[in-house]
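User: Hi! I'm new to reading protein structures, could you walk me through this one?
Analyst: Happy to, let's put it on screen.

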Amino acid sequence: MLAAATGLWGCSDAGLAGPDVPVYPVKGKVTFEGEPAAGAFVVFNPKTAPKPGQQAFTPRATVQADGTFALTSATEGDGAPAGEYAVTVQWLKPVKQGADLVAGPNVIPKAYATAETTPLKTTVRQSDNALEPFAITRK
């Protein structure tokens, strides 16, 4: 039984297995105080639990220099399953530490960091999805 459980965890942790449902392209943009949130980490948290026998997936993306992102579930930019999502965003803006750049503190307000508190909600439809920009402010 331990081997079976280890095998399941191994697939999930490796990120090699994709959702067992169709995924649809999802593109969007994130700004913070009007600035592209380059390097921010975006996660789409499903609002409904998966059906019995299906694995839960949290599609994610890293925001590019221009503020855009393309969600990934299994392969780069493949998208997300259709459904309702709570969107979390964290931006560990790099800071200089000596001669190195290291991840700094999250500059996005805490409310955006968890699925339970984020005000960002969206729907992924069974088609190409070009989302409205997520314009985050301190207030």
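Analyst: We'll look at a sheet, then at two residues, and keep in mind that this is a predicted model.

User: Cool. What is the strand order in the open sheet of four strands?
Analyst: The order is 4-3-6-9, and the pairing is antiparallel. At the edges are strand 4 (60-62) and strand 9 (121-124), each pairing on one side only. From one strand to the next, the twist averages 30 degrees.

User: And what holds strands of a sheet together in general?
Analyst: Strands pair through backbone hydrogen bonds, in either a parallel or an antiparallel way. Here, strand 6 (residues 83-90) and strand 9 pair over four bridges. As for E84, its bridge partner in strand 9 is T123.

User: Let's switch to N45. Where does it sit?
Analyst: You'll find N45 in strand 3 (residues 41-46).

User: Is N45 buried or exposed?
Analyst: N45 counts as buried because its relative accessible area is 16%, and the cut-off for buried is under 20%.

User: Which residues does N45 touch, leaving aside neighbours within four places in sequence?
Analyst: N45 is in contact with T58, E84, Y85, A86, T88 and A115. With T88 there is also a side-chain polar contact of 3.4 Å.

User: New topic: what's up with the phi of E33?
Analyst: E33 has a positive phi of about 55 degrees, though it isn't a glycine. Most residues other than glycine have a negative phi.

User: And where is E33?
Analyst: E33 is in the loop between strand 1 (26-32) and strand 2 (35-36). With a relative accessible area of 41%, E33 is partly exposed.

Notes: Residues numbered from 1 in each chain as written. Predicted model: local features only at pLDDT ≥ 70, side-chain atom pairs only at ≥ 80, totals over all residues. Heavy atoms only, no water. Helix = DSSP H or I, 4+ residues; strand = E, 2+ residues; numbered from the N terminus. Buried < 20%, exposed > 50% of the residue type's maximum accessible area, 1.4 Å probe, protein only. Polar contact = N/O pair within 3.5 Å; in protein donor to acceptor, adjacent residues only side chain to side chain. Contact = heavy atoms within 4.5 Å. Pairing = 2+ DSSP bridges. Axes fitted to C-alpha atoms, helices over the stretch in contact; angles between N-to-C directions.
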